[in-house]
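Me: Got a minute to go through a model with me? I'd like to ask about rings, holes and odd backbone angles.

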Amino acid sequence: MKSDNMSVATRVVKNSSLLLFASIINNIMSFILTLFTARYLGTYNFGLISSANSLVGVFGIFCDLGLSTYAIREVSRNNELTDFYFGTTLVFRILFTVITFIVYALFVINSNFTQEGINVMILFGIYMIFNSFVLFFYSLFQSNENMQYQTIGNAIYSISVLLIILIMIFDNCNVTIVAAGYPIAMFLSLLYSLYITVKYYPRFKLCRKPKFIKKLFIKGIPFGITAVFTSIYFWIALIVLTFLSGSVAVGLFSSSQKLLLVVAAIFTLLSNAVFPVMSELFTVDKEKLAHLFHKLLKFMLMIGLPMAIGCFIFDTEIINIIYGAEYLEGAITLSILIWAGVFMLLSGMCSTLLGSINKQFTVTKIAAIGAIVSIILNCILISLYSYIGASISTVFTEFIILFMMMSVISRTEFKLPVKKAVLPVIQIIIASLIMGVCLILLNQPFLVSFPLAIIIYVIALFVTRAINKEDREIILDMINQLRNKI
């Protein structure tokens with residue numbers, strides 16, 4: 001049984017190692033980009049870019065409506081279905097993307113934005129079109145577990161957007177020209193993805209059978225609706241802030257939320273790697289699937305908790321280092337929002353499991369409740385406390401989502417065994433607290449404390465035995481996989 005579990009872990013490591021490498025590159029590029037753009041643009045224009053990004057984050061979901069996610073699940077179980085599933089979903093992707101862009105453009109033009117704001121929004125709408133098709137090709141790569149192509153595509157975008165916008169900044173361009181850098185970089189990634197698809201994948205075929213198309217929509221739409229609700233409760237705070245508090249408040253809030261996106265990137269990376277494996281295991285070995293899910297929850301907590309404690313202690317220093325003194329007023333949002341990141345990592349893995357075991361309707365219901373809670377809380381709290389209220393709303397919403405998902409899973413065969421789970425959770429909490437206390441007592445600047453925190457936390461994990469023998473084998477396997485790829 002142990003060797004079987006290790007083989008499953010190895011598959012996940014194989015899928016995630018390249019994506020992890022790409023995620024590291026992408027986050028480094030994103031960090032440098034944010035460092036320059038936030039300081040160059042200032043709170044107002046940076047808030048304008050963030051507002052545009054949040055709007056396309058919500059509208060962009062309608063470009064697919066979950067069909068590609070369903071295709072990933074089915075093709076991962078039978079690769080011979082690749083041509084029909086992705087050929088058919090591509091046709092609908094094109095149709096949905098065109099309609100979405102038209103609706104988005106009409107919404108922007110008829111909103112109370114300045115002409116400069118409209119220009120920025122439309123440029124991000126073009127970015128949304130290119131991104132829609134890039135994500136389609138990424139779904140194709142994920143379904144066949146060819147993560148290396150997605151890795152290169154991500155790297156092309158992150159490196160090119162950084163270089164393009166840095167050139168624009170050094171040329172002293174305005175916010176509209178800077179915004180144009182995003183769709184240009186995404187177009188380059190799209191060209192690469194299209195090239196790989198044409199060269200290495202079977203020619204797409206459109207299935208015109210009504211029964212197939214009906215099944216595609218019935219099974220896929222719940223994934224899409226879930227994505228819509230998830231986007232709403234993730235982006236709604238920025239959208240409500242845009243209309244109630246203005247671009248400066250958006251800039252202060254988004255400075256911290258962009259750091260939260262790093263957490264979201266970690267989850268997306270693991271979800272992309274794990275979802276095909278989970279979908280297959282559900283049909284062949286549910287015991288292995290349960291073990292994999294429990295192990296991943298442990299790793300998510302192991303990553304999220306110390307990160308939250310560290311950001312809580314050094315919130316002001318982190319904001320000052322990345323964004324500068326102009327954004328210090330919003331440092332408190334980081335110390336609040338980072339706890340949403342912990343809940344997000346855990347609930348995200350629960351969502352991936354539920355999707356892989358054909359419970360996408362349940363996830364849709366939970367996401368709908370989360371969206372409603374988020375809208376109500378944001379409208380109330382933002383009107384009272386502006387960006388601080390938005391932060392509180394985000395944390396509470398993510399907690400509610402996690403609670404509901406864990407409640408659903410507790411009624412399945414994949415439920416977390418409470419007696420076995422308590423000890424690892426306590427061990428991770430103790431290790432994280434040891435790290436936090438040591439950082440407070442050492443009282444060193446963030447740049448000095450960061451490497452110390454990693455060393456202290458790793459030692460604390462071994463001392464508390466939070467990392468067991470199987471965990472060590474998985475970590476060593478991952479290191480070897482990364483070493484071989486590099």
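Me: Which residues form one aromatic cluster?
Reply: Tyr 138, Phe 141, Tyr 149, Tyr 200 and Tyr 201 do. Rings of Phe, Tyr and Trp (its six-membered ring) pair if their centres lie within 6.5 Å; planes under 30 degrees apart are called stacked, over 60 edge-to-face, and the rest tilted. One caveat: this is a predicted model, with local features needing pLDDT of at least 70 and side-chain atom pairs counting only at pLDDT 80 or more, while totals for chains, interfaces and linings use all residues. Numbering runs from 1 along each chain as its sequence is written, and side-chain values use heavy atoms, with hydrogens and water left out.

Me: How many aromatic pairs does the structure hold?
Reply: 25. One of them is Phe 96 with Phe 217, an edge-to-face pair at 6.3 Å centre to centre and 90 degrees between the planes.

Me: Which helices do Phe 96 and Phe 217 lie in?
Reply: Phe 96 is in α3 (residues 82-109) and Phe 217 is in α7, so the pair ties together parts 121 residues apart in sequence. Helices here are DSSP runs (H or I, at least four residues), as strands are (E, at least two), numbered from the N terminus.

Me: And is Phe 96 buried or exposed?
Reply: Buried, at 12% relative accessible area, whereas Phe 217 is partly exposed at 22%. The cut-offs are under 20% for buried, over 50% for exposed and in between for partly exposed (1.4 Å probe, protein chains only).

Me: What about Phe 282 and Phe 414, how are they arranged?
Reply: That pair is tilted, with 6.4 Å centre to centre and 50 degrees between the planes. Phe 282 sits in helix α8 and Phe 414 in the loop between α12 and α13, 132 residues apart. Phe 282 counts as buried at 17%, and Phe 414 is buried at 2%.

Me: Switching to holes. What's the volume of the second largest pocket?
Reply: About 650 Å³. Of its 24 lining residues, His 294, Lys 298, Leu 416, Ala 421 and Pro 424 are the closest to its centre. On a 1 Å grid over the protein atoms alone, a pocket is an open set of points with protein on both sides within 12 Å along at least five of seven lines, a cavity is a set where a 1.4 Å probe fits but cannot get out, and lining residues have an atom within 4 Å of a point. Points are joined across faces, edges and corners, and a volume is the space filled by probe spheres set on them.

Me: Which element gives the largest share of that pocket's lining?
Reply: α9, with 9 residues. By class, the lining has 16 nonpolar, 4 polar and 4 charged residues. Ala, Val, Leu, Ile, Met, Phe, Trp, Tyr, Cys and Pro count as nonpolar, Asp, Glu, Lys and Arg as charged, and the others, Gly among them, as polar.

Me: How many cavities of 30 Å³ or more are there?
Reply: Just 1. The largest cavity has about 30 Å³ of space, and its lining includes Trp 235, Gln 257 and Lys 258. α8 gives the most to that lining, with 4 residues.

Me: Last topic, backbone. What is phi for Asn 172?
Reply: Near 60 degrees, a positive value in a residue other than glycine. Most residues other than glycine have a negative phi. Asn 172 is in the loop between α5 (147-170) and α6 (175-200) and is exposed at 62%.

Me: And where is Asn 443?
Reply: In the loop between α13 and α14 (446-463). Phi of Asn 443 is near 50 degrees, again positive, and Asn 443 is exposed at 65% relative accessibility.
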